[in-house]
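Subject: Structure for you to look at

Hello,

Here is the structure I said I would pass on. Please open it beside this message and read the two together.

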Amino acid sequence: MATATKLLLTDLMSGVNHVPSNYVRPISDRPNLRDVQISDASSIPLIDLKDLHGHNHSNIIEQIGLACQTDGFFQVKNHGVPEEMIKDMSSIAREFFKLPESERLKMYSDDPSKNTRLSTSFNVRTEKLSNWRDFLRLHCYPLEDYVQEWPNNPPSFREQVGEYCTSVRGLVLRLLGAISESLGLEKNYIVEALGKQGQHMALNYYPPCPEPELTYGLPGHTDCNLITILLQDEVPGLQVLRNGKWVAVNPIPNTFIVNIGDMMQVISNDKYKSVLHRAVVNCNSERISIPTFYCPSPDAVIAPAKDLISHDQPAMYRNFTYAEYFEKFWNRGLATECCLDLFKPN
């Protein structure tokens, strides 16, 4: 069977009208799409950043702190990333996944340690069940260290994605200052805890799925990094676990979704929570999502902030390097139980 040799889901599924067995989840681990709540305006906070550095500063800091504490997720508007840049980023991602198979496969690798790679599912070397996703993963900070490894087709890829990465990094740094303040820490505390800092992104492509109730784009997981900035297209697919129920976060044009990662939970000494979320698929429409992952440098030592440790709230985690955490996270795959449990004090 020729289809069995295909490396990418996009090419494997051309003309296939059922979900291959290695994508089918056990009955107890299926999305149960009928039992999902649709988000409304009150479900996931939408925060207007327009006056973050203006007269409404303290109110916005308070909103961000409350969202980090109670939801682990929030949406932002008036975020400073130009609308045209967002459109260009979405278009170039779609264009990349429409390239001929032979052109896309120039970027293929199943090695998670590679800085730039096109792959499928999550970690094909270790997982037993596949996820309904192809993805292009890029390292993008410092930009000049990595941009030459990126695809040069479509021709404007490096320029447009590079500009987007730089603009989103500016947003991340503004948010990290605000989150530090919301914890009662110095504005630069979190950024300085990251060492040299790292920024990765993924261009996720979820093809239409003939039987979406049988599989996931990505199953429930937390993010191992510090903070994630997600750009969605207009097709719903992101779901967040809230009060024990999965809530669909439907896209709002020109907003970003921000979620707290595991490293933020550690630095905040459990005040802020890294929350389970997942991606589901549908039978009618392809979906593209573009998360930017901001993280510590591999040698950065991560620990609860000293000012957030007290007699009533002792340190909830031991000190560890981000490299140690990242390796455990990737080797375990997308296990539902949080990897953080392995880093509690002895």
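Below is what was found, going from the whole chain down to two single residues.

Please keep in mind that this is a predicted model.

The whole chain

The protein chain has nine helices and 15 strands. A compact globule of 346 residues would have a radius of gyration near 20 Å, and the protein chain, at 20 Å, agrees with that. Measurements along the principal axes put the extent of the C-alpha trace at about 65 × 45 × 40 Å.

Of the 346 residues, 54% are buried. The surface that the protein chain exposes comes to about 15,400 Å², and 50% of this is supplied by carbon and sulfur atoms. If you take contacts between residues at least 6 apart in sequence, 76% of them join residues at least 24 apart. As for charge, there are 33 positive and 41 negative charges, and the mean positions of these two groups are 3 Å apart.

The annotated span

The unreviewed UniProt entry places the feature "domain: Fe2OG dioxygenase" at residues 197–296. In the model, the C-alpha atoms at the two ends of residues 197–296 lie 5 Å apart. Strand accounts for 45% of the span and helix for 6%.

Gln239

Gln239 is part of strand 9, which covers residues 238–242. Is Gln239 buried or exposed? Its relative accessibility is 5%, and buried means under 20%, so Gln239 counts as buried.

Which residues does Gln239 touch, leaving out those up to four places away in sequence? They are Leu33, Val36, Trp246, Val247, Ala248, His277, Arg278 and Val280. Glu101, by contrast, is 30 Å from Gln239 in space, C-alpha to C-alpha, and the two are 138 residues apart in sequence.

Lys50

Lys50 sits in the loop that runs between strand 2 (46–48) and helix 2 (57–70). Because its relative accessible area is 62%, and exposed means over 50%, Lys50 is exposed. Along the chain, Lys50 and His79 are 29 residues apart, while their C-alpha atoms are separated by 7.0 Å.

To find these places in the viewer, begin with Gln239 in strand 9, then go to Lys50 in the loop between strand 2 and helix 2.

Regards

Conventions
Residues are numbered from 1 along each chain as its sequence is written. This is a predicted model: local features need pLDDT of at least 70, side-chain atom pairs count only at pLDDT 80 or more; totals for chains, interfaces and linings use all residues. Side-chain values use heavy atoms; hydrogens and water are left out. Helices (H or I, at least four residues) and strands (E, at least two) are DSSP runs, numbered from the N terminus. The radius of gyration is taken over C-alpha atoms; the globule rule is 2.2 Å times the number of residues to the power 0.38. Buried means under 20% relative accessible area, exposed over 50%, partly exposed in between (1.4 Å probe, protein chains only). Contact means heavy atoms within 4.5 Å. Accessible areas come from the Shrake-Rupley method with a 1.4 Å probe; for residues, only the protein chains shown count as cover. Lys and Arg count as positive and Asp and Glu as negative; His and the chain ends are not counted. The place of a charge is taken as NZ of Lys, CZ of Arg, CG of Asp or CD of Glu. UniProt positions are given in the numbering used here, feature names are shortened, and annotations may be inferred rather than shown by experiment.
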